[in-house]
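Here are my notes on the model, jotted down while going through it. Have it open beside you as you read.

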Amino acid sequence: MPRTKTIATASTAAIALALTGCAATGNIPSSSAPITQSEAQTGAEAHPQLLAEFGGAMSGPQAQYVQQVGQNIAVQSGLGNARESFTVSLLNSSVNNAFAIPGGYVYTTRQLVALMNNEAELAGVLGHEVGHVAARHSQRRQAQAQQNSILGVLGAVLGSVVGGGIGQQLGEFALQGSQLLTLRFSREQELEADELGVRYLNSAGYDPNAMSTVLASLAAQNALDAQLQGREDAGIPEWASTHPDPASRVRTAAQMAQGMTGVTNRDTFLTRIDGLLYGDDPAQGVIEGRQFIHPEMRLAFTAPSGYYMINGTRAVSVNGQGGQAQLTLAPYSGNIENYVANVFAQLGGQQTQLRPQSIQRTTVNGIPAAYGTARVNSGQGQVDVVVFAYEFGNNQAYHFQAITPAGNADVFSSMFNSMRRISASEAANVIPRQIDVVTVGAGDTVNTLASRMAYSNGQEARFRVLNGLSSGQNVTPGQKVKIVVRGR
């Protein structure tokens with residue numbers, strides 16, 4: 001969710017264009033070729049935009065540690081002869097994601113790092129992404145005229161619901177700030193990247209089995225997220241919701257590493273990530289159950305029952321069976337009706353004139369507001385697009401943009417009417433969560449440790465997934481484990 005009063009100008013379309021630019025000549029380097037000058041330029045241009053899209057790069061000892069591990073594993077690829085050939089960034093994002101782009105730029109989110117249980121798993125994930133770059137998968141996808149853009153879950157859903165034209169525009173606009181962004185690769189390319197990651201692990205002296213164990217943790221986290229959010233589809237969101245389900249790759253990765261051994265550096269890893277921010281950063285707003293609270297913007301709203309939220313750098317998405325919505329912002333000149341009309345125009349894009357049937361003013365919990373609905377014909381039938389905007393000041397406004405099957409826009413009425421200002425004391429009570437690495441004591445059990453997790457539901461399941469423990473697995477005295485606590 002945005003921290004500034006203007007939407008960043010970096011668009012996902014621009015990033016996608018930059019990433020595919022090096023494929024225009026058709027001369028794709030082999031997987032053993034070093035980074036070319038063209039690829040280096042491509043990465044350098046896209047790098048700042050990607051950082052902005054994912055909440056920025058973190059700094060400090062934890063970021064330095066991730067950088068060190070990432071550079072060490074990336075050197076194994078042969079893309080560059082020196083560690084300095086690679087830029088490895090720890091992103092301030094609460095989404096499980098990792099990716100790399102041409103030019104030696106490698107990324108992982110802090111949330112994905114928190115899910116890992118040893119240094120070899122961190123190296124494996126980063127090595128997998130470097131494998132995509134070494135194999136020039138993005139260029140090959142573009143050369144084959146297949147989809148090679150940066151996509152978000154909400155954008156993909158909107159595009160599939162509306163279809164073509166207006167659907168594409170809605171999807172591209174809605175995905176901005178979702179943090180669920182990465183290159184979309186084929187299953188064969190994902191397996192090739194797994195294989196390269198295993199090879200890099202082995203050559204660096206790590207236990208290559210870490211590739212399968214981190215994929216297993218990702219699969220378990222996906223299933224847990226689906227359960228906690230009341231979704232039947234445990235595959236969404238997965239690793240950026242674009243990688244093939246990690247559950248289907250666990251066995252293959254284990255077979256690749258069969259007979260190989262190496263170090264995991266578990267205790268070192270856990271010590272180095274102790275205190276890592278976990279979940280939402282209050283500066284981007286936080287999700288607590290069905291409620292979203294932004295302490296800096298002093299606002300809160302409640303999602304409809306049965307819907308789940310995904311928080312992003314510049315937006316928070318609300319998803320469910322009956323439709324999708326997103327809270328974000330746009331430049332505001334002081335006229336709330338014009339603001340709503342401009343949002344519709346942006347959603348429609350240059351090729352479609354999207355206008356609401358009417359724009360009506362109202363007041364929501366003392367906040368001046370305006371809203372409108374436009375009915376759109378699509379390949380799958382008619383849909384309703386709703387924009388509901390709130391004036392928080394003379395130069396500050398926020399809005400929901402939602403899409404539902406025609407006639408069902410009222411599924412979001414309760415959410416639209418739940419928008420409220422929060423007090424300074426309520427804002428001050430928003431305390432972030434973080435990883436706390438503890439040593440299991442003689443009297444500790446899974447249950448006693450899980451009871452310390454800073455959640456009101458699913459404590460044991462969360463603890464087990466966070467520590468890679470199966471349903472029947474116990475902890476032993478002296479073992480280091482992770483729990484999630486409120487910030488110290």
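1. Let's start with the pair that caught my eye: H5 and H10 pack at an angle of about 90°, their axes 8 Å apart. Helices here (H or I, at least four residues) and strands (E, at least two) are DSSP runs, numbered from the N terminus. Axes are lines fitted to C-alpha atoms, for helices over the stretch in contact, with angles running from 0 to 180 degrees between N-to-C directions. H5 and H10 are therefore roughly perpendicular to each other; the classes are under 35 degrees for roughly parallel, over 145 for roughly antiparallel, 65 to 115 for roughly perpendicular, and oblique for the rest.

2. Who makes that contact? From H5 come Ala120, Glu121, Gly124, Val125 and His128, and from H10 come Ala210, Met211, Thr213 and Val214, where contact means heavy atoms within 4.5 Å. The residues of this H5 and H10 contact divide into five nonpolar, three polar and one charged. For the bookkeeping, Ala, Val, Leu, Ile, Met, Phe, Trp, Tyr, Cys and Pro count as nonpolar, Asp, Glu, Lys and Arg as charged, and the others, Gly among them, as polar.

3. A caveat on what we're looking at: this is a predicted model, with local features needing pLDDT of at least 70 and side-chain atom pairs counting only at pLDDT 80 or more, while totals for chains, interfaces and linings use all residues. Residues are numbered from 1 along each chain as its sequence is written, and side-chain values use heavy atoms, leaving out hydrogens and water.

4. Glutamate 121 deserves a closer look. It lies in helix H5 and, at 4% relative accessibility, counts as buried; the cut-offs are under 20% relative accessible area for buried, over 50% for exposed and partly exposed in between (1.4 Å probe, protein chains only). Leaving aside neighbours within four places in sequence, glutamate 121 is in contact with Met116, Ala210, Thr213 and Val214. Its C-alpha sits 6.1 Å from that of methionine 211, with the two positions 90 residues apart in sequence terms.

5. H5 has another partner. The axes of helix H3 (residues 61-75) and helix H5 (residues 119-134) come within 9 Å and cross at roughly 55°. That makes H3 oblique to H5. The contact uses Tyr65, Val66, Val69, Gly70, Ile73 and Ala74 of H3, and Glu119, Leu122, Ala123, Leu126, Gly127 and Val130 of H5. By class, the residues of the H3 and H5 contact are nine nonpolar, two polar and one charged.

6. On to helix lengths. H10 (residues 210-229) has 20 residues, which at 1.5 Å a residue should span 28 Å, and its end C-alpha atoms are 28 Å apart, so the two agree. The expected span is 1.5 Å times one less than the number of residues. The same check on the 18 residues of H9 (residues 187-204) gives 26 Å expected and 26 Å between the end C-alpha atoms, again in agreement. Buried residues in H9 include Gln189, Glu190, Asp194 and Tyr200.

7. Both of these helices are followed by a glycine with positive phi: glycine 205 just after H9, at about 90°, and glycine 230 just after H10, at about 75°.

8. Which residues other than glycine should you check for phi? Arginine 298 has a positive phi of about 55° although it is not a glycine, and asparagine 365 has a positive phi near 50°. Most residues other than glycine have a negative phi. Arginine 298 lies in the loop between strand S6 (291-294) and strand S7 (299-302) and is partly exposed, with a relative accessible area of 36%. Asparagine 365 is in the loop between strand S11 (359-364) and strand S12 (367-378) and is exposed, at 52%.

9. One loop proline to mention: proline 34 lies between helix H1 (12-20) and helix H2 (37-53). Not counting residues up to four places away in sequence, proline 34 touches Glu39, Gly78, Leu79 and Arg136.

10. Finally, the overall tallies. The protein has 17 helices and 17 strands, and buried residues make up 56% of its 488 residues. Of the contacts with a separation of 6 or more, 69% are between residues 24 or more positions apart.
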